[in-house]
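Walk through this structure strand by strand. Start with one strand pair, then move on to a sheet and the helices that pack on it.

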Amino acid sequence: MKRFPDQYDRAEIEGACQRRWAADDAFRWDPKVAAELDYVIDTPPPTVSGTLHVGHVYSYTQADIIARYFRMSGRNVLYPIGWDDNGLPTERLVEKDKKVRGGTMSRDAFVALCREVIPVYETQFRELFSRLGLSVDWSREYQTISDESRKVSQLSFLDLYRKGLLERRLEPTLWDPADRTALAQAEVEEIERTGKLNTVAFALEGGGEVLIATTRPELIGGCGALMIHPDNPRAGELVGRNAITPLYGVPVPIVADAKVDPEKGTGVVMCCTFGDVTDIFWWRTHKLPLRLVIDQAGRMMATLPIGGEAWPTKDAATAAATIDALKGLKVEQARAAVLDMLAKNGALRGQTATNQVIPVAERSGAPLEILVTAQWFIKTLDYKEQILAKGREIVWHPDYMRQRFESWVEALKWDWSISRQRHFGVPLPVWYSKRKGEEGRIIVPEPDALPVDPTRQTPAGYSADEVIGESDVMDTWATSSVSPQLVTRTINDALGLDHEAHRRLFPMALRPQAHDIIRTWAFYTIVKAMHHQHTVPWRNIAISGWCLASDGSKMSKSKGTVIDPIKLLNEYGTDAVRYWTGTSRLGNDTVLAPNTLKQGKRLVTKLWNAARLAHIALEPAQIMPRTAAADIAAGVIVHSLDRWLLGVLADIIAKATAAFEAYEYAQALREIEDFFWRIYCDNYLELVKSRSRIEGAPTPEQRSALHTLHHATLALLHLFAPFLPFVCETLNDLMLGPSEGTAPTVHARGAWPRPADHAAPNLDRAVGELVLEAVNAVRKTKSELQVSLRAPIAQLIIAPVEGGVPLPEIEAQLTPLIGDLKDVAAAAAIVFAPTANDGWPGSVSLGEKLRVSLQMAAPAAPA
């Protein structure tokens, strides 16, 4: 047992623990342990897109609480850490940091900048995670852009390509004109805004006109048909005829289709290529012409092939003038210009306000276009039912989050586009042949050749002038979706670097992540595991919520509501911040609560002081405790209050263990904390205070108290350890460590309290509950008298109440505890009587088991 420090030096203790854990490799996974004890976590690799915020602290700490428990419970935990350091988010960080635009630089020059900037931010992330006390296995650290990660990611590509699950197609694609790259459906958000529904007149061939409704008049040039519901009263008259597009003079057919909403606008709409997903459906279903008017920068094209056989016009001069007037304009500018032209020639017949839901890019926030480009797609639409089935094989914590996953899968409208027109990412391992007779043939490398960069290398058997290397890179999710395989370094039995490790570690035990990336990271990882091995990637998924701003909104840099986690840790300490995260259940969003942080700080202080009291009592005592169960069985722990305390503690251990096994760590914390404050500190420590003061050889009752203090203190430190690792590690070392050296870590594998080592749950429960009834009734009475809880009592009467505990039972259970009751109540005498003294102040106990009457001692005469 070490000397107890004079004060709790938070900064010194946190630093010492960090250094100890790093030096001891305390959290390294042990491959020599039996495989059935493995518990492997698919840790989220944070995106290297700037500084970490308090939301990272919130979600990563919750995952660490779970990891620490399962390690302490005896599992061989593999808790790796990686950095998602490529793709669009990282590019935007580098552009901001270096004040450049990647699109204006050579690929090599921009990639060199990325490799220069990234390590700086990864170091900051690493330092914050160490300060948070994340018990990750740093020997398993990885970067998604490393050579090894690129190889594993490209192996994934090869496997899907060989199976026909990945293909390159020229087709409509979601396009971000701000970042000039294709996007997947999961990278799209929808916003609401008020727009204008414009009524526009189209002339009819042969005379007459038809009114259409549109919110995107700038796409009139791309119109391939007018659509009308077959039940529309004018359908019989219009279907089969041609209308003439205003401003362009292009004849387009009028087509009947049940997807038209007859109640919206005029009941007649344009099909343009492309305004929305419905346009794609109509274009494919009715084999309409492809007419693109917007370029990849989100501007109106400078030239259009209007006037040819595929795109005829009845007014070439007007069409040319329109194209010239709109060329180079951004979409919003072009919309205003077209409406002005339509108004001038009389074709704009009306405008009404309308609520619109607009798809925008998740990262840039730019409204999306649908452009026809050549992209690589992983097949998902044909596999919806299989994906849903795999999702149901996984246990979701909380269960209702599975519905979010299923709703997303059921609403899918696009295959997964994985190619991106960017610089810094994992290259698509593909070349296109220029060799005579095989022009355009897709060439992929052999697995042993990976990783490859087709812009810098050539495939085996080809010269540089015989191929075109693919310049697109993979979407960052295409790599992070194999995060389990990045740890095992293997895709499946056919492709990988360590097949033995993969067979042992995959599928993994747990994926912790936030709810906002169910549609991306969870979905994509499930798809990859299913396509690669017809399995699930993990058995459990733990979904954390968001940390919200004080007004309940998502934290935002622009609103100034983002909180610097370093300031938070400096103000409250890491254990207090971890306590705050541990009070929130999985799936729940939470507001950063100063009161909860203060409560965490108070808990750390109380735990320190409670351990100090035990240390003071135990340090001079010559006792050799074994386990609580063994000491009870050996007759060392004999006092009924001690047996009761350890019985309640055993019940709490069982409840906390069950809660943790169900991933209900917040419930575990509530059980542990309630016991600590209400039972242990407020009552037991007060009741045992006198018996724990030892002068000379301890009596059996005193020895019983000392052993109980030892067992209860250490059990509490282990129970709180997943939440408060720093203070618990320090106190455990003070209680058990030799004067030189350190005690085994409180966080060691198998260190969680075992039921066999503790008392039978609820041992001597009736005695303990009756003592608490009496003590709390005395405290209630003194509170009503507005006197100190230590105010002396001349005589305390304890009497039965109707329906409560009979007097003989009260006497039998409490008489052996008279000394403890006198001390805690500050009573000179205690009498058990059939009735209370109605002339004295008193109270019925909370559980209505007994009644107390207090004759307060006369105030001491002034000196």
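Strand 9 (residues 223-228) and strand 12 run antiparallel, joined by 5 bridges. This comes from a predicted model. One pairing is cysteine with cysteine: cysteine 223 has cysteine 272 of strand 12 as its bridge partner. Strand 12 itself spans residues 268-272 and is mostly covered. Of its 5 residues, 4 are buried, that is, under 20% relative accessible area.

Strands of a sheet pair through backbone hydrogen bonds, in either the parallel or the antiparallel sense.

Now turn to an open sheet of 4 strands. Its order is 27-26-29-28, and its pairing is mixed. Which strands stand at the edges? They are strand 27 (830-832) and strand 28 (842-844). Each has a single partner strand, so one side of each is left without a neighbour in the sheet. On average, neighbouring strands of this sheet are turned by 15 degrees against each other, direction ignored.

Look next at strand 26 (residues 793-800) and strand 29 (residues 850-856). They pair in the antiparallel sense over 7 bridges. Here leucine meets leucine: the bridge partner of leucine 796 is leucine 854 in strand 29.

Helices complete the picture. Helix 24 (residues 765-785) packs on the sheet and touches strand 26, strand 28 and strand 29. The direction of helix 24 makes about 45 degrees with that of strand 29. Helix 26 (residues 818-825) lies across strand 26 and strand 27. Against strand 27, helix 26 runs at about 125 degrees. Strand 26 thus appears in both lists: helix 24 touches it, and helix 26 lies across it.

Key: Residues numbered from 1 in each chain as written. Predicted model: local features only at pLDDT ≥ 70, side-chain atom pairs only at ≥ 80, totals over all residues. Heavy atoms only, no water. Buried < 20%, exposed > 50% of the residue type's maximum accessible area, 1.4 Å probe, protein only. Helix = DSSP H or I, 4+ residues; strand = E, 2+ residues; numbered from the N terminus. Pairing = 2+ DSSP bridges. Axes fitted to C-alpha atoms, helices over the stretch in contact; angles between N-to-C directions. Contact = heavy atoms within 4.5 Å.
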